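Student: I'm new to this structure. Could you walk me through it with a few questions and answers?

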Amino acid sequence: MKHEEANKEIGSRGADAQKSRGGRKSKKSNPQSPIPRPQPPVPNPQAPVPNLDDWLEIGKIVAPQGLSGELRVYPVSDFPERFEVPGKRWLLCSGDIEPQPIELLTGRYISNKNLYVIKLAGVENCDRAEALRGCKLMVPASDRPQLSEDEYHVLDLIGLEVFMQASGELVGTVVDIIPAGNDLLEVKLHESFATDKKQKTVLIPFVEAIAPVVDLKSNRIEITPPPGLLEINN
């Protein structure tokens with residue numbers, strides 16, 4: 001299943017999820033991308049909040065890598081090309097009103113840490129890399145990938161109603177997607193379905209065997225959970 005955070009994207013249901021998270025190939029490089037400022041601005045609690053409806057977050061810079069300006073990025077996108085294919089990306093740092101363009105030069109995946117190491121234009125030493133700690137990597141929301149059959153964007157899934165396929169009973173509404181080996185639908189239980197009133201949500205694996213029907217036009221997902229699955233979070 002594919003996904004991207006903030007505004008998210010999600011992909012296929014099943015064990016091959018890692019191949020399918022994120023976005024289409026990047027645009028050509030822009031050699032005139034600005035060099036990141038050496039120090040992030042001091043946050044202003046009264047500063048306008050950026051409107052991110054038009055943007056997708058694909059990752060967060062968590063630390064410098066080495067001394068040459070490389071950056072460690074925690075991905076919230078399953079699409080490797082977001083981090084490996086050179087081209088324009090955008091940075092959203094503390095205090096920014098909108099993301100600022102930057103060029104991705106190179107990137108590679110470190111599988112045992114679930115991180116990407118990337119190189120951005122103009123970030124040539126550890127100090128400049130350190131100044132970008134905590135900044136988010138963004139792409140325009142219009143840069144959503146062409147998904148193959150049985151793949152879905154997160155934004156398309158959140159808000160869908162979940163029904164038991166056999167009985168037609170309304171289970172609840174998808175409120176979030178939890179990344180995992182197989183991604184999980186977080187479903188807010190409908191009051192008529194919840195037997196334990198203290199239990200507000202359940203986590204349902206988004207795999208075809210359990211969620212065989214995803215009907216975006218009808219705003220519904222049909223599930224065939226194994227016995228005990230919906231009570232596992234009690």
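Student: How many aromatic pairs are there?
Tutor: Happy to help, and keep in mind that this is a predicted model. Rings count as a pair if their centres lie within 6.5 Å. By this rule, the number of aromatic pairs is three.

Student: Which kind of aromatic pair do Phe83 and Tyr116 form?
Tutor: Their ring centres are 4.4 Å apart, and the planes are 20 degrees from each other. Planes under 30 degrees apart count as stacked, so this aromatic pair is stacked.

Student: How many residues apart in sequence are the parts that this pair ties together?
Tutor: Phe83 belongs to helix 1 (residues 81–84). Tyr116 belongs to strand 5 (residues 115–120), so the pair joins parts whose separation in sequence is 33 residues.

Student: Is Tyr116 buried or exposed?
Tutor: Buried means under 20% relative accessible area. Phe83, its ring partner, has 0% and is buried. Tyr116 has a relative accessible area of 5%, so Tyr116 too is buried.

Student: Which residues do ring pairs link into a cluster?
Tutor: We have already met Phe83 and Tyr116 as a stacked pair. Ring pairs link them into a cluster with one further residue, Tyr109. The cluster is therefore Phe83, Tyr109 and Tyr116.

Student: Which residue lies over the face of Phe163?
Tutor: A charge sits over a ring if, for Arg, CZ is within 6 Å of the ring centre and within 35 degrees of the ring normal. Here the distance from the ring centre is 4.0 Å, and the residue is Arg220.

Student: In the hairpin of strand 4 and strand 5, which residue takes a positive phi?
Tutor: Strand 4 and strand 5 pair in the antiparallel sense over six bridges, and Ile110 stands opposite Leu115 in strand 5. The hairpin has four residues between the strands. The residue with a positive phi, near 50 degrees, is Asn114.

Student: Which strands stand at the edges of the open sheet?
Tutor: Six strands form this sheet in the order 10-9-8-7-12-11, with mixed pairing. Each edge strand has a single partner strand, so one side of it is left without a neighbour in the sheet. The edge strands are strand 10 (201–205) and strand 11 (213–215).

Student: Which residue stands opposite Thr201 in strand 10?
Tutor: Strand 10 pairs with strand 9 (residues 184–189) in the antiparallel sense, over five bridges. Opposite Thr201 stands Lys188.

Methods:
Residues are numbered from 1 along each chain as its sequence is written. This is a predicted model: local features need pLDDT of at least 70, side-chain atom pairs count only at pLDDT 80 or more; totals for chains, interfaces and linings use all residues. Side-chain values use heavy atoms; hydrogens and water are left out. Rings of Phe, Tyr and Trp (its six-membered ring) pair if their centres lie within 6.5 Å; planes under 30 degrees apart count as stacked, over 60 as edge-to-face and the rest as tilted. Helices (H or I, at least four residues) and strands (E, at least two) are DSSP runs, numbered from the N terminus. Buried means under 20% relative accessible area, exposed over 50%, partly exposed in between (1.4 Å probe, protein chains only). Two strands pair if DSSP finds at least two bridges between them.
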